[in-house]
Amino acid sequence: MSGLTIRVKRGSRGSDTLLEAANRILRLLGVSSTKRGKQPSPKSKASGKATSAVRAPIATAEAGIESPAKMQARPAAAALSPPPVSTTIPNKSKRTAQDYIFGKVIGDGCYSTVFLAKDIHTGKEYAIKVCEKRHIIKEKKGEYIKREKEALNMLSNVPKGFVRLYCTFQDAERLYFVLSYAKNGELLPYINKVGSFELDVAKYYAAELVLALEKMHSKGIIHRDLKPENILLDENMHLQIADFGTVKILDPEVIRTIPEANIEDNSQSTERERRRNMSFVGTAQYVSPELLRHREDTRASDLWALGCIIYQMISGLPPFRGPNEFLTFQKILKLDYEFPEGFPADAKDLVEKLLILDHTKRLGVEDKGETYESIRKHPFFNGIDWDTVLEQSPPTINPYLPGGSFEEEYTVPDHLEPGLGNNQLVRLWEFDLSTSKGILSISPEERRRRLEAQARENKYHQFVDGELILKQGLVDKRKGLFARRRMLLLTTGPRLFYVDPVNMVLKGEIPWSPELRVEAKNFRIFLVHTPNRTYYLEDPESYALEWARVIDEVRIGTYGQDTT
Ligand SMILES: Nc1ncnc2c1ncn2[C@@H]1O[C@H](COP(=O)(O)OP(=O)(O)OP(=O)(O)O)[C@@H](O)[C@H]1O
């Protein structure tokens with residue numbers, strides 16, 4: 001049975017509760033029940049049988065539209081075939097799932113699946129967040145959904161900085177949020193891809209984030225779950241904040257004038273509600289100490305998250321990282337974090353002023369107007385024109401390389417002959433790597449002989465799935481500003497393994513594909529570009545050129561000469 005099917009037992013208490021709760025959600029959302037089409041209500045379908053599966057298809061195949069569940073199983077291209085032409089544009093408030101063609105899944109959350117969808121009347125693309133009512137009821141997330149809708153409505157007239165809610169509707173089983181489609185997805189993969197952002201890039205996105213926070217906070221909205229996964233990028237690479245499921249909405253005056261107070265929501269909450277509100281919100285690595293300690297809702301929690309995100313954009317990793325949530329929380333409460341070498345001074349100063357345990361002392365909290373003047377004026381933002389930043393084209397995302405510009409030229413100094421060195425632990429296993437032919441034309445007997453020798457003599461043989469190692473050497477593998485020493489192993493696969501040489505543990509593999517490219521930046525640094533990530537490697541013995549040459553030869557030997 002599909003996960004999107006509700007089982008309703010006639011006359012059972014459980015089903016009554018389910019239906020009542022579904023109606024509660026309906027009321028919560030303030031969406032009138034649209035009984036368009038032939039969709040049966042759960043009750044009518046359920047009657048007559050002791051147990052019946054009620055399936056409410058959101059649209060019919062005849063109409064050229066399918067349910068999200070079905071579409072999920074199909075390739076996106078097929079799902080997004082040209083929409084049927086319709087001459088009438090229906091009343092926006094009466095929209096149903098049948099007004100959209102559902103395509104690929106573009107995101108998954110705790111209580112929703114987000115689909116790319118096309119409006120069949122206009123051909124415009126949207127992101128439709130689909131929440132299963134049964135799941136929301138079970139997880140008691142009705143209040144979250146209500147607040148998400150409320151916050152998105154409050155922000156719908158803000159032209160930039162947020163995903164925009166166009167409309168909501170529902171059917172028997174699901175709730176639908178029709179949102180603007182942030183074509184370039186989440187910010188996180190961009191940070192992971194390049195390791196860390198060049199300073200101008202980090203500064204630009206931090207400025208866009210500050211502007212968005214100003215808008216949100218001036219309306220009394222505290223996000224409480226800001227993180228690079230909830231910051232999306234539109235088709236022009238401008239930032240859009242998403243996922244308002246954990247927001248707190250307060251009186252805008254209160255939020256501004258008494259930031260240090262333990263602000264209570266002005267709605268009359270019952271004890272049960274209050275206890276439910278006490279449950280942890282947010283994501284471990286970005287949650288503020290006051291939310292952890294006292295569940296205090298202040299805009300300063302979003303400023304704490306801003307500090308964490310700026311730190312992460314520049315260094316590559318969030319400041320508080322533990323092996324589990326509990327230890328991460330401990331680090332947050334003790335303000336236990338440090339800056340890696342190369343973290344620029346102005347950025348460090350700003351992060352230190354945002355990551356302050358006492359939220360009343362955080363930079364920006366004293367600002368009473370609608371703008372965070374003290375943050376805007378911080379030297380980190382020198383050069384940012386706050387009036388035009390949203391109109392500018394965002395800078396291209398390049399990695400931050402401390403101590404040298406990304407475009408730094410390299411030239412071969414006379415005294416340094418790039419090549420092999422014993423002290424670098426480089427061994428080429430007798431291959432002629434001056435031509436790729438040497439690697440590929442090896443006979444089966446020869447391969448066996450060399451593999452046997454490798455198994456006997458090379459302690460890294462255990463990590464390479466029985467493949468022949470072509471080249472190995474110690475490198476510093478960087479993620480942003482954090483470096484770890486690894487033994488890099490290039491095999492005939494071709495594959496690129498990396499091993500922790502101290503604990504002798506295989507740490508991972510750089511995925512090979514025809515798209516893999518290697519680029520030496522200078523004698524020490526070489527980058528391995530893969531579709532999802534650029535691996536930043538530093539050879540302490542300055543044989544980066546050699547690595548680049550060998551990897552490239554293996555690539556050409558395997559996939560052929562680059563014709564692009
Ligand atoms: N408007 C949008 N455009 C593009 N992608 C989106 C959009 N909205 C959501 N997504 C994608 O779907 C994912 C899940 O969405 P969202 O965070 O709103 O769901 P959720 O159920 O509230 O998740 P969470 O578990 O974080 O609470 C996002 O992280 C993002 O990758």
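## The loop with Pro 494

Pro 494 sits in the loop that runs between strand E13 (482-491) and strand E14 (495-500). The peptide bond that joins Gly 493 to Pro 494 is cis, with omega at about 0°. Keep in mind that this is a predicted model.

## Two residues with positive phi

Arg 224 isn't a glycine, yet its phi is positive, at about 70°. Look for Arg 224 in the loop between strand E8 (221-222) and strand E9 (231-233). Arg 224 counts as buried, with a relative accessibility of 10%.

Asp 465 is another non-glycine with a positive phi, here about 55°. Asp 465 belongs to the loop between helix H17 (444-457) and strand E12 (469-479). Is Asp 465 buried or exposed? Asp 465 is exposed, its relative accessible area being 57%.

## Helix H8 against helix H12

Helix H8 (residues 199-218) packs on helix H12 (residues 300-315) at an angle of about 165°, and the two axes are 10 Å apart. Angles over 145 degrees count as roughly antiparallel, so that's the label for H8 and H12. The crossing of H8 past H12 is right-handed.

On the H8 side, the contact is made by Leu 199, Ala 202, Tyr 205, Ala 206, Leu 209, Val 210, Leu 213, Met 216 and His 217. Facing them from H12 are Asp 302, Leu 303, Leu 306, Ile 309, Ile 310, Met 313 and Ile 314. Sorted by type, the residues of this H8 and H12 contact come to 14 nonpolar, 1 polar and 1 charged.

## Val 210, a closer look

Val 210 is part of helix H8, and at 1% relative accessibility it counts as buried. What does Val 210 touch once its neighbours within four places in sequence are left aside? The contacts are Leu 306, Tyr 372, Ile 375, Phe 381 and Trp 386. Leu 306 is also one of the H12 residues that meet H8.

Tyr 372 brings in a stretch of chain far along the sequence: Val 210 and Tyr 372 are 162 residues apart in sequence, but their C-alpha atoms are 7.5 Å apart in space.

## Gln 240 in strand E10

Gln 240 is in strand E10 (residues 239-241). This glutamine is buried, with a relative accessible area of 11%.

Its contacts, not counting residues up to four places away in sequence, are Gly 161, Phe 162, Val 163, Ser 180, Ala 182, Asn 230, Ile 231, Leu 232 and Asp 234. Ile 231 and Leu 232 on that list fall within strand E9 (231-233), the strand at the far end of the Arg 224 loop.

## Cysteines without partners

How many disulfides does the model have? The count is 0. Cys 131 is in no disulfide, and the nearest cysteine sulfur to its own, in Cys 110, is 11 Å away. A disulfide needs two cysteine sulfur atoms within 2.5 Å. Cys 131 is also buried, with a relative accessible area of 0%.

Why is there no bond for Cys 167? The closest cysteine sulfur, that of Cys 131, is 14 Å from the sulfur of Cys 167, which is too far for a bond. Cys 167 is buried too, at a relative accessible area of 11%.

Note on methods. Residues numbered from 1 in each chain as written. Predicted model: local features only at pLDDT ≥ 70, side-chain atom pairs only at ≥ 80, totals over all residues. Heavy atoms only, no water. Buried < 20%, exposed > 50% of the residue type's maximum accessible area, 1.4 Å probe, protein only. Helix = DSSP H or I, 4+ residues; strand = E, 2+ residues; numbered from the N terminus. Axes fitted to C-alpha atoms, helices over the stretch in contact; angles between N-to-C directions. Parallel < 35°, antiparallel > 145°, perpendicular 65-115°, else oblique. Left-handed = near helix turned anticlockwise from the far one by under 90°. Contact = heavy atoms within 4.5 Å. Nonpolar A, V, L, I, M, F, W, Y, C, P; charged D, E, K, R; others polar.
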